[in-house]
Amino acid sequence: MKVLLRPKVSAILLFFFFFLLLSTHSSSSTIGVQYVSRLLQLQDTERAPAAVQLAAARAVLHRLLPSHAPSFHFQILTKDQCDGEYCFIIENNSSYKKHQDGPEIVISGVTAVDVLAGFHWYVKYWCGSHLSWDKTGGVQLFSIPRLGSLPRVNDDGGVIVKRPVPWNYYQNAVTSSYSFAWWDWNRWEKEIDWMALHGINMPLAFTGQEAIWQKVFKKFNLSNSDLDDFFGGPAFLAWSRMANLHGWGGSLPQSWFDQQLILQKKILERMYELGMNPVLPAFSGNIPAALKYIYPSAKITRLGNWFSVGSNPRWCCTYLLDATDPLFVEIGRAFIEQQLKEYGRTSHMYNCDTFDENTPPVDDPEYISSLGEAIFKGMQTGDNNAVWLMQGWLFSYDPFWRPPQMKALLHSVPKGRLVVLDLFAEVKPIWINSEQFYGTPYIWCMLHNFAGNIEMYGVLDAIASGPIAARSSENSTMVGVGMSMEGIEQNPVVYDLMSEMAFQHKEVDVKVWIDLYSARRYGRFVSQIQEAWNILYHTDKNRDVVVAFPDVDPFSIAIVDQSYRHNEKSLSRRVILKETTYDHPHIWYSTSEVIHALELFIASGDKLSRSNTYRYDLIDLTRQALAKYANDLFLKVIAAYQTNDILGLFNDSQKFLDLVYDMDMLLACHDGFLLGPWLESAKKLAQNQEQEQQFEWNARTQITMWFDNTEEEASLLRDYGNKYWSGLLRDYYGPRAAIYFRLLIESLENGHDFDLKKWRREWIKLTNDWQNSRSVYPVKSVGDALNISRWLYNKYLGSSELRFHRIAI
C-alpha cells in the first residue's frame with residue numbers, strides 16, 4: 001500500500017531541499033587536510049576495486065530495502081568527478097520511463113560509503129524515511145512510495161553533496177565493551193550497514209586484538225599462561241587494553257581468542273569492501289607482569305591505582321614499558337606486523353593512547369617529546385606509512401598537560417602523521433584554546449554518552465554549529481568529524497543529526513531540522529508530536545536516584561530552597577549537600593515542560609501507536625518524566641526522615657518503590673529496554689557451562705558495580721554503567737532502594753542514628769548476590785506501551801506538583 005506524506009511534511013521537505021542545494025554544493029578544505037593529503041592519496045589508491053565496493057553497497061540495499069532494490073542504480077566516481085573531494089550525487093535515471101522496469105534513481109559516490117550515504121540522504125529527504133538502531137525503534141520505511149513512483153530530483157544535474165572534510169570517525173576506545181562486548185557477526189553486519197548508511201568511513205576496529213597479542217608476546221618468550229592475568233574478562237577488555245586494570249573478569253578461554261579473531265577478520269573484510277578506513281590498535285606500552293622478569297633491565301614502571309578498593313594488586317597497578325626503552329619499538333613493530341600478517345592489509349591508521357588516564361612520570365617537554373617520538377617509531381617500523389590516531393581526552397581532564405607539555409607531545413611526530421580526536425568537542429572543545437592543537441590535524445568529535453547510560457539528552461544546537469565553526473576558523477587544522485560516544489543504542493535523534501554534519505557546510509537550523517525529524521521518524525506529520533520535540537531538543541544530561549542511588553548518610557543531604565539561574569531560566573535548587581560524596585540528581589530543564597511533552601506524546605498515541613519508533617520514544621519519555629518524579633520523591637523521603645515524620649517517610653518511600661516496579665513494567669513494553677538480550681547474548685558466546693557462568697557474571701557486573709569491593713566498601717565504579725532495563729529495576733534497583741528506606745524507618749522507630757555500615761553491608765551483598773545469580777530474563781517485550789504510559793501518567797504525573805513549577809533537583 002502506498003503511504004503518502006501529509007502535505008505539510010512535503011512542504012517542509014521542499015524547503016529543506018532548497019536549503020541543501022545552497023549549503024552542500026560548495027567545496028572547502030583546511031590546512032589540516034593538506035597535512036594528511038599523502039595518507040588520503042594512499043588510501044584512495046589502495047581502496048577496494050569499484051566492482052567490489054558496488055557489490056557491497058548493493059548487498060546493504062538488499063538487506064535494508066529489498067523491495068526497492070531494482071529502483072536504484074549505484075555508481076562509483078573518481079574524486080576528479082567531485083572536484084577532487086569526496087561526494088555523492090543523486091540524479092534521475094534519464095532513460096527511465098514511467099511504468100517500465102528499471103532503476104528510477106541513480107546514486108553515485110567516490111566510495112561505497114559515499115554511495116550509501118547518498119541513498120540514505122535520498123530516502124531521508126525525498127521520501128521522508130528514517131533509519132536508527134533496532135533497539136531504538138529501528139527503521140521507518142513505509143513512507144517510501146511504491147516502485148515506479150519514487151520522487152524525482154531536479155533535472156539539472158541532480159544534487160551534489162560534498163564532504164567538507166574527508167573523514168567521519170566512529171567509536172570510543174570503550175564502546176567495544178559497553179556496547180559491542182557480546183556481538184556476533186549478525187549484529188556486526190547490521191552495525192557496519194548502519195555505519196555506511198550514515199557516512200562513517202573511519203571506524204575503530206579493535207575486536208580480536210587479544211589473539212594478536214598472544215602471538216606477539218610468544219615471540220618475546222611469554223607463554224599463554226603468563227597472559228592469563230594480563231587480559232580482562234570479555235566485558236572489561238577496553239580497560240585492560242588501556243592499562244587501567246588486569247585480570248578482572250578473566251581469564252579468557254582460548255575459544256574466546258579464536259572466535260574473536262575470526263570475527264575481526266569478517267569485520268575488516270566488510271569494512272574494506274565498503275571503502276572504509278578502519279583504525280587498528282597500536283602498542284601503548286601496556287605489558288604483562290611476566291615481561292619484567294624476562295627483561296629485567298628494561299625500563300618498566302608500575303602504574304598507580306585505578307579505582308580499586310585498597311589498591312589491590314590482584315587487579316590494579318599494571319606495568320608500563322617506557323617508550324624510550326629499545327624494547328618498546330621492538331614490541332610495537334611486532335604488533336603492527338602481526339596484524340598485517342593476519343589481516344592482509346591496513347588503512348595505515350593506528351590508535352594509541354599511552355597517556356589516557358596514565359600521567360607521564362616527568363613533565364619535562366624534552367622527555368615527553370622523546371616518548372611521543374618512540375611511540376610513533378613503534379608504529380612506523382611496522383608500517384612505514386603509519387599515522388597515529390590519538391584520543392584528546394587527556395588534554396581535557398588532566399592538568400598535567402599544560403601548553404609546553406601538549407606542544408612537546410603533538411610536535412614529536414612529523415606533521416600529518418598524528419591526528420587527534422577532540423573527543424568532547426560539543427561540550428568542552430580543546431581546539432579553541434590550543435591554537436588548533438598547535439597545528440596538528442584533529443577530528444571534531446561528539447562524545448555525548450557515557451557508559452551507555454539511558455537518558456534523553458543532547459546539545460543539538462552545539463552539534464549543529466560546532467563542526468562548522470571549527471572548520472571555518474582561521475588556520476583550521478580540522479580533518480574530520482566523529483562520534484566518540486562510550487555507548488550506542490540511545491538518543492537516536494542526536495546521532496541522526498551528528499551523522500549529517502559529515503556533509504553539512506553551513507550551520508543547521510535545528511528548529512527546522514527537528515520538525516523534519518519528527519515527521520520522518522514516525523512517517524507522518526502530527527502537530528502535537530512536533531510541538532513535543534520542540535520542547536525535548538533542549539534537554540541536557542542528568543543523573544537519577546533510581547539507577548544511581550546515594551551511598552551516604554541521609555543527614556549529609558540538606559533540603560533547602562535556593563533560587564539561582566541557569567541558561568537564563570529561574571530555577572529552584574531543592575538539594576544541597578553537606579558532603580561531596582553524593583553525586584546528587586539534577587536537571588537543567590523544566591520538568592513541567594517535559595511532562596507537557598509527554599502529554600502531547602500520549603495524546604498522539606491513537607494516530608501513532610502502530611509505529612515502533614513512536615513506542616520507543618513514548619516509553620523513553622515516560623521513563624524520563626517518571627525518573628524526575630522519583631528524584632522528587634526521594635527528596636521527600638529524606639525530608640520526612642530529617643523531620644522525624646515517620647508516616648510521611650513510610651508513605652513516600654513506598655510510593656518510590658511502587659514507582660520503580662511500575663517503571664520496570666513500562667520498560668518491558670519494548671525490546672530496546674530489556675535486560676534479557678544483554679545477558680543472553682553473553683551466554684550465547686560461551687562454549688561450555690563454566691564459560692557461560694563467567695560471561696554472564698561479566699555482563700551483570702559491568703552494569704551494576706564493577707571492580708572489587710569489600711563487605712563494607714563499595715567500588716568507586718558502582719552505577720557508572722547503569723541502565724534503565726526491565727528486570728534490572730525490579731530485581732536490583734528496587735530492592736537496593738528498599739534496603740535504604742527500611743533502615744531509615746528503623747532509625748526513627750528505634751531512635752538511633754542511621755546505620756550506614758549496615759546499609760553498605762546489605763546493599764553490597766545484594767549486588768554481589770545479583771551478579772552471581774543465574775535468573776533468566778525475557779528477550780522479547782510484552783505489554784501495551786501506550787496504555788501503560790497513560791496509566792502511569794495518570795497515577796503519578798497527572799496532578800503532580802512537578803507540572804506547576806520549575807525545579808532543579
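**Disulfides, buried parts and a pocket in a predicted model**

Q: Which cysteine is joined to Cys-82 by a disulfide?
A: A disulfide is a pair of cysteine sulfur atoms within 2.5 Å. The S to S distance here is 1.8 Å. The partner of Cys-82 is therefore, under the 2.5 Å rule, the cysteine at the other end of that link, Cys-87.

Q: On what kind of model do these values rest?
A: Residues are numbered from 1 along each chain as its sequence is written, and side-chain values use heavy atoms, with hydrogens and water left out. Local features need pLDDT of at least 70, side-chain atom pairs count only at pLDDT 80 or more, and totals for chains, interfaces and linings use all residues, for this is a predicted model.

Q: Is the disulfide of Cys-82 and Cys-87 left-handed or right-handed?
A: The answer rests on the torsion about the S-S bond of Cys-82 and Cys-87. That torsion is about -45°, so the disulfide is left-handed.

Q: Which cysteine is joined to Cys-316?
A: This second link has -60° about its S-S bond and is left-handed. The S to S distance is 2.2 Å, and the cysteine joined to Cys-316 is Cys-317.

Q: What pattern do the disulfides of the protein follow?
A: The count comes to two disulfides. One joins Cys-82 to Cys-87, and another joins Cys-316 to Cys-317. With bonded cysteines counted along the chain, the pattern is 1-2, 3-4.

Q: Are Cys-316 and Cys-317 buried or exposed?
A: Buried means under 20% relative accessible area, exposed over 50%, and partly exposed in between, with a 1.4 Å probe and protein chains only. At the other disulfide, Cys-82 and Cys-87 are both buried. Cys-316 and Cys-317 are likewise buried.

Q: How far from Cys-352 is the nearest cysteine sulfur?
A: Cys-352 has a relative accessible area of 1%, so this residue is buried. Cys-352 is in no disulfide, and the nearest cysteine sulfur, that of Cys-445, lies at a distance of 17 Å.

Q: How many residues of helix H18 are buried?
A: Helices are DSSP runs (H or I, at least four residues), numbered from the N terminus. Helix H18 spans residues 492-500 and is mostly covered. Its buried residues include the charged-named pair Asp-496 and Glu-500, together with Pro-492, Tyr-495 and Met-498. Of its nine residues, the number buried is nine.

Q: Which helix gives the most residues to the largest nonpolar core?
A: A nonpolar core is a set of buried Ala, Val, Leu, Ile, Met, Phe, Trp, Tyr and Cys residues joined through side-chain atoms within 4.5 Å. Of the 278 residues in the largest one, Tyr-122, Phe-395 and Phe-656 touch the most other members. With 17 residues, the helix that gives the most is H23.

Q: With which residues is Phe-395 in contact, leaving aside its neighbours within four places in sequence?
A: Contact means heavy atoms within 4.5 Å. Phe-395 is in contact with Met-390, Trp-401, Met-406, Leu-409, Leu-410, Val-420, Ile-430 and Phe-437.

Q: Which helix gives the largest share of the lining of the second largest pocket?
A: The second largest pocket has a volume of about 940 Å³. Of its 34 lining residues, the closest to its centre are Lys-135, Trp-183, Arg-187, Glu-489 and Pro-677. On a 1 Å grid over the protein atoms alone, a pocket is an open set of points where a 1.4 Å probe fits, with protein on both sides within 12 Å along at least five of seven lines, and lining residues have an atom within 4 Å of a point. The largest share, five residues, comes from H25.

How values were computed. Grid points are joined across faces, edges and corners, and a volume is the space filled by probe spheres set on the points. Helices (H or I, at least four residues) and strands (E, at least two) are DSSP runs, numbered from the N terminus.
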